[in-house]
Amino acid sequence: MDKSLHVGLTFFLTQLGIIFFIYPEHIIASSSEGHWLPILAGAAANLIVMAVYMKGLGYFSNQDIISIYTNVGKSAAVLFLVPVIFYLYMVNVIAVRAFAEIITIVFLSNTPIWAVTGLLLFISTYIAANGIASIFRTGVLLAILFLPSIGFILTISFQNVDWHYILPLIEKRFEFLTSISYMKSFYVFATSFLFLGFVQPEITYSSKKLLLAALSLIPFLLLAVYIPVLTFGRSTASTFKFPFVMLVGTIHVNWLMFDRVTLFLLLSLITFTMLFIALLIWQMSRMISRPLPKVKPVYLLLFISAVTYIGCIMIPNWQDVEELFICNMVLRIYVWLIIPFSIYFLGLREKRKRSYEPT
Amino acid sequence: MNLRKRIIKGLIVLTLALPLSGCWDNIDINHRVLPVVLGISKSEGIFHVFLQISEPVTDRIRIKIVSGSGRTITHAIDRLSMNMEEHVDLLHVKIVLLDKQFAMEGMSESIVDFMRARDISPKALVAICDEDLPSFFDKVKKGLESQGTILFDFFEKNAGWNPQISLTRVWQVYRSIHSFTRDVAIPIVRSGKTTAIEHIGSAVIKNGRMVARISPSETLLFNAFNGESTQGSIEVMNHASVLITANTMRNTSSMIGDTPYMKSTIRLKVVLLETRGQPTNEMIREELDKLLTERFNAMFGKIQAVKADILGLGQFYRHIIPRESLADWREEYYPRLQLEMHIETNIQNTGFLNTP
């Protein structure tokens with residue numbers, strides 16, 4: 001069944017949920033001026049990787065990536081999928097922990113971390129337990145409910161911009177290429193796209209529309225970085241942990257009866273992140289359930305959430321979250337580059353094989 | 001069996017409503033005090049904190065001023081909170097009033113702390129008090145009794161704000177601490193003789209320290225330069241007085257050798273209010289140009305002498321001066337800057353009467 005809209009929207013939302021927090025900080029730190037270049041370079045790389053991944057998946061229209069690798073051989077499946085499980089687990093822990101911390105920093109300063117973490121995970125697990133179709137449906141619902149408020153906040157966030165900060169436009173030394181912060185910023189691209197390989201053959205989508213969804217994210221990437229830079233200036237914006245959240249805190253609207261617009265942005269984005277976490281848990285359960293067909297998937301989900309919860313509780317502070325983030329970098333590059341390209345080459349092999357065999 | 005299962009499931013679902021309340025160590029609103037104004041002064045390393053608290057007492061509002069001291073601002077507030085029967089919640093502080101002495105010594109650390117802890121909103125206004133905070137609050141309290149938000153309304157754009165008052169928020173002061181090219185002006189107030197508050201000009205803040213002072217009419221030009229609307233203010237000259245209805249700003253910046261040059265034009269739309277003698281429109285235009293240009297040059301000389309760029313002129317050189325050198329903007333380039341000011345006036349109408 002063609003569900004391009006659902007798949008595309010879910011992809012769009014899960015990406016949107018994560019770009020407004022740490023991404024601006026990393027991009028601002030990676031380059032002192034002309035931030036559009038690193039942003040566009042990252043987005044272009046992402047488009048290429050996604051196109052390759054979907055092209056590869058297109059050769060196996062009736063298999064998900066678990067079957068693709070298992071058909072090649074058991075060792076291939078272990079070699080490729082075990083790192084992915086590890087990676088997704090780490091991303092999950094980081095995402096849940098980071099968002100719990102953001103919630104504590106911004107508004108629930110009295111609530112203990114374990115309670116916030118528990119709630120976040122509980123809701124996501126519940127969404128994931130109902131299967132991929134329910135994740136997509138939730139995605140559409142969240143889009144209808146919260147995208148308008150995000151749009152409103154983005155519009156009014158231009159309130160204090162000083163366009164002079166956009167200059168100088170070009171930074172000639174390309175210092176971002178050698179910056180660790182820039183490498184870190186790829187986290188926004190490296191995770192969401194993976195689920196595209198898990199949904200087929202039950203659900204099909206057109207890869208053109210998915211690329212369109214990825215393309216439509218570029219303005220948001222630019223806004224997330226540029227509005228704080230235009231308001232505060234680079235040297236001030238680089239002192240903030242979450243530049244965009246800070247920026248929304250400075251918006252002053254006389255006629256709006258709510259004093260803090262930040263809450264609206266944050267709560268909308270957190271629902272998107274719950275969707276993201278649900279997707280992660282669901283993918284992991286799919287991968288683990290293949291070698292353990294006797295265990296009910298629901299129990300696997302509960303097990304994964306429990307392990308994630310323990311992982312989150314084990315991280316004592318924000319600095320450790322950031323360290324984990326850096327540790328995760330090698331795996332991230334592995335997943336982001338090796339998986340799509342291996343799928344693509346396996347796909348080419350499959351095509352050649354098929355053309356030899358008489359059908 | 002099926003029914004029992006359903007009932008149990010239903011009950012579990014119902015318990016989900018509990019976390020919805022979001023209550024965790026929550027303090028009810030009637031056990032909180034929400035101060036609107038936070039006053040800070042510092043003497044011999046000890047911070048004194050004043051809070052203006054509005055309390056509703058049978059169909060009117062009673063104003064309470066409480067004060068406390070401590071080694072840091074949060075310490076002082078914490079001690080206050082300890083001694084009060086309610087919990088002090090700074091979430092709704094609208095105005096941070098700083099003692100002048102404190103502002104002159106430097107307040108950057110306090111501003112940085114405000115930005116770090118999100119108790120105080122980054123969009124709270126900053127103002128400087130020209131007299132001792134205890135005596136200021138004492139005098140203002142009388143005016144506050146009738147209307148609890150008087151200090152706040154004074155700065156509110158849809159209430160008592162005038163174009164002669166600079167509006168600066170906590171985040172803007174924070175920006176000036178880190179920025180290469182941007183300083184801020186903060187309004188200075190004191191208790192008035194007939195009105196509750198008197199506005200006596202603006203303090204020029206450079207890197208979080210007060211370095212100079214400009215008058216209210218100079219602040220008007222500062223606001224006009226920054227693109228704030230100066231609509232509604234009145235300029236009085238020898239032969240006429242006019243009401244400004246709109247203003248726009250145009251700048252061209254250039255760099256010759258190591259000296260920055262700048263040409264600025266403020267375009268005013270005015271309406272004629274009063275005349276003395278028989279001035280022609282041409283005369284009024286010239287007079288206004290002369291008056292405002294002189295006033296602007298006086299103000300610019302003042303702020304240039306202390307190397308504080310409250311007009312944000314360095315912003316216009318972002319494409320000319322590379323970023324590394326722009327870091328020395330205030331020290332290297334700004335003192336040499338040549339600024340040429342023009343006021344272009346458009347007399348929109350002269351009321352019901354013709355002018356000669």
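Biologist: In what order do the strands of the open four-strand sheet in chain B come?

Modeller: Please keep in mind that this is a predicted model, in which local features need pLDDT of at least 70 and side-chain atom pairs count only at pLDDT 80 or more, while totals for chains, interfaces and linings use all residues. Residues are numbered from 1 along each chain as its sequence is written, chains are lettered from A and ligands numbered from 1 in the order in which they are written, and side-chain values use heavy atoms, with hydrogens and water left out. The order in this sheet of chain B is E11-E12-E13-E14, with mixed pairing. Its edges are strand E11 (234–236) and strand E14 (338–349) of chain B, each of which pairs on one side only. Helices (H or I, at least four residues) and strands (E, at least two) are DSSP runs numbered from the N terminus, and two strands pair if DSSP finds at least two bridges between them.

Biologist: Which way do E13(B) and E14(B) run, and how many bridges join them?

Modeller: Strand E13 (residues 259–275) of chain B and E14(B) run parallel and are joined by 11 bridges; within that pair, Ile266(B) has Ile343(B) as its bridge partner. Helix H10 (residues 281–305) of chain B packs on this sheet, touching E11, strand E12 (240–256), E13 and E14 of chain B, and its direction makes about 145° with that of E14(B). Such angles run from 0 to 180 degrees between N-to-C directions, and the axes are lines fitted to C-alpha atoms, for helices over the stretch in contact, where contact means heavy atoms within 4.5 Å.

Biologist: And E12(B) with E13(B), parallel or antiparallel?

Modeller: Those two run antiparallel, with 16 bridges between them, and Asn251(B) stands opposite Ser264(B) in E13(B). They form a hairpin with two residues between the strands, and Gly257(B) in the turn has a positive phi of about 65°. E11(B) and E12(B) also pair in the antiparallel sense, over three bridges, and the hairpin that joins them passes through three residues.

Biologist: Changing topic, what is the strand order in the open eight-strand sheet of chain B?

Modeller: There the order is E4-E3-E2-E6-E7-E8-E9-E10, again with mixed pairing. Strand E4 (60–70) and strand E10 (209–214) of chain B are the edge strands, and neighbouring strands of this sheet are turned by 30° against each other on average, direction ignored.

Biologist: What does His48(B) stand opposite in E4(B)?

Modeller: His48(B) stands opposite Ser69(B) in E4(B), while Ser41(B) stands opposite His48(B) on the E2(B) to E3(B) pairing. Strand E3 (residues 46–57) of chain B and E4(B) run antiparallel with 11 bridges, and E2(B) and E3(B) run antiparallel with seven. In the hairpin of E2(B) and E3(B), Glu44(B) takes a positive phi near 50°, and in the turn between E3(B) and E4(B) a positive phi of about 45° falls on Asp59(B).

Biologist: Which strands does H3 of chain B lie across?

Modeller: Helix H3 (residues 73–83) of chain B lies across strand E2 (37–43), E3 and E4 of chain B, running at about 125° to E4(B).

Biologist: OK, salt bridges: how many does the structure hold over all chains?

Modeller: It holds 17 over all chains, a salt bridge being a side-chain nitrogen of Lys or Arg within 4 Å of a carboxyl oxygen of Asp or Glu. One of them links Asp130(B) to Arg190(B), with the closest N and O atoms 3.3 Å apart. Asp130(B) lies in the loop between strand E7 (125–129) and helix H6 (133–146) of chain B and Arg190(B) in strand E8 (residues 184–191) of chain B, so this pair ties together parts that are 60 residues apart in sequence.

Biologist: How many does the rule find across the interface of chain B and chain A?

Modeller: The rule finds one: Arg182(B) with Asp162(A), the closest N and O atoms being 3.5 Å apart. At this interface 31 residues of chain B are in contact with 34 residues of chain A. The area buried is about 3,000 Å², of which carbon and sulfur atoms give 53%; buried area is the accessible area (1.4 Å probe) that two parts lose on being put together, summed over both.
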